[in-house]
Amino acid sequence: GGVINFTEDIGCALSPNPAAPRCNFRDALFGKVDPFLRWDPAVAPAPPRGHVGNPLVEHRVVGSPNGTNFFRVVGPNAGGPGNNTAFTDLFSIQGKIAGRAKTALTLGARPSPVERGNSVGLSGKLTSYGKPLAGKQVILLKKSKGATRFTPLAGGKLTTGGKGGFILRGVKPRANTVYRARFAGEGPSEPAQPTGLRAASSPPELVKVVR
């Protein structure tokens, strides 16, 4: 009694037929068990190198999308006779870090071409293995005609929405201007096994200005 079990099967079953299509490991990334928890780096000891934790040691964690990082049950005698709350912030977790997650960034401009003096909207989407990434900061850059490098666009620090999208309206290009979106990524927690999301840049988007 008092045990909670939950199982979700993701992916495909292996077939004894050698000619059958192989399973795609990326299918496992579309389950509900994400983002993954990992040991809280502010609490000693550190996890084994290259792993999110040690399943033999209960430890505080980080990674909850709600910022809770604890488990709590409230109900009559949930924590024992006369105690209506059961609570813990210690977890037993295991997992080996495979590397940074692949990210992709797109950017589009509408309308293009645009008449001189009129504005365009720059919009795009940030994804990881096809899944939208919300709450991430994207930087918009520009390179005007004759310029040798991209520079930050005024007001171009944007946060992705719930579907990974972002948009900046009211941009007025000077002459023909090339725009690009950049995601800085989330840096490694340890040099040998980098974690987090890879940096990404969108392909350049040219906005043609006509008279």
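# Notebook: a look around one chain

**Entry 1: a charged pair.** I began at D89, which is partly exposed, with a relative accessibility of 27%. I reminded myself that this is a predicted model. Next I asked which residue forms a salt bridge with D89. I found R60, and the closest N and O atoms of the two are 3.9 Å apart. The cut-off for a salt bridge is 4 Å, so the pair counts as one. I then searched the whole structure and got 1 salt bridge in total. R60 sits in the loop between β1 (38-39) and β2 (61-62), while D89 sits in the loop between β4 (85-88) and β5 (103-110), so the pair ties together parts that lie 29 residues apart in sequence. Like its partner, I noted, R60 is partly exposed; its relative accessible area is 41%.

**Entry 2: another stop in the β1-β2 loop.** I stayed with the loop between β1 and β2 and picked P55. Is it buried, exposed or partly exposed? At 35% relative accessibility, P55 is partly exposed. I listed what P55 touches beyond four places in sequence, and got S92, I93 and Q94. I also looked up G95: P55 and G95 are 40 residues apart in sequence, yet their C-alpha atoms are 8.7 Å apart in space.

**Entry 3: the whole chain.** I stepped back and counted 0 helices and 15 strands. The protein chain has 211 residues, and 26% of them count as buried. For contacts between residues at least 6 apart in sequence, I saw that 59% join residues at least 24 apart. The accessible surface comes to about 14,300 Å², and carbon and sulfur atoms hold 53% of that.

**Entry 4: the cores.** How many residues does the largest nonpolar core have? I found 23, and those with the most contacts inside this core are L105, L122, L140 and F166. Each of β5, β7, β9 (137-144), β10 (151-159), β11 (165-171) and β12 (177-183) supplies at least two of its residues. There is also a second, separate core of 5 residues, with W39, V52, I93 and I97 among them. I recognised I93 as one of the residues that P55 touches. Then I followed F166 beyond its neighbours up to four places away, and its contacts include L105, L122 and L140. Other residues that F166 touches include T106, S123, V138, L158 and A181.

**Entry 5: one residue in β7.** I chose T127, which belongs to strand β7 (residues 120-128). T127 has 14% relative accessibility, and the cut-off for buried is under 20%, so T127 counts as buried. Apart from neighbours within four places in sequence, T127 is in contact with K102, T103, A104, P132 and L133.

**Entry 6: a nonpolar patch.** On the surface I looked up which residues make a nonpolar patch. They are I4, F71 and V73, and the patch covers about 280 Å². V73 lies in strand β3 (residues 71-74). V73 is partly exposed, with 32% relative accessible area; a patch takes residues with over 30%, so V73 can belong.

**Entry 7: confidence.** Last, I checked how sure the predictor is. The mean pLDDT of the chain is 85, and 89% of the residues reach 70 or more. Where does pLDDT stay under 50? That happens over residues 190-194, where the model has 13 contacts beyond four places in sequence. I marked residues 190-194 in my margin as the stretch with pLDDT under 50.

Terms used: Residues are numbered from 1 along each chain as its sequence is written. This is a predicted model: local features need pLDDT of at least 70, side-chain atom pairs count only at pLDDT 80 or more; totals for chains, interfaces and linings use all residues. Side-chain values use heavy atoms; hydrogens and water are left out. A salt bridge is a side-chain nitrogen of Lys or Arg within 4 Å of a carboxyl oxygen of Asp or Glu. Helices (H or I, at least four residues) and strands (E, at least two) are DSSP runs, numbered from the N terminus. Buried means under 20% relative accessible area, exposed over 50%, partly exposed in between (1.4 Å probe, protein chains only). Patches are made of residues with over 30% relative accessible area and no salt bridge: like charges are joined within 9 Å, nonpolar side chains (Val, Leu, Ile, Met, Phe, Trp, Tyr) within 5 Å. Accessible areas come from the Shrake-Rupley method with a 1.4 Å probe; for residues, only the protein chains shown count as cover. pLDDT is the predictor's confidence in each residue, from 0 to 100. Contact means heavy atoms within 4.5 Å. A nonpolar core is a set of buried Ala, Val, Leu, Ile, Met, Phe, Trp, Tyr and Cys residues joined through side-chain atoms within 4.5 Å.
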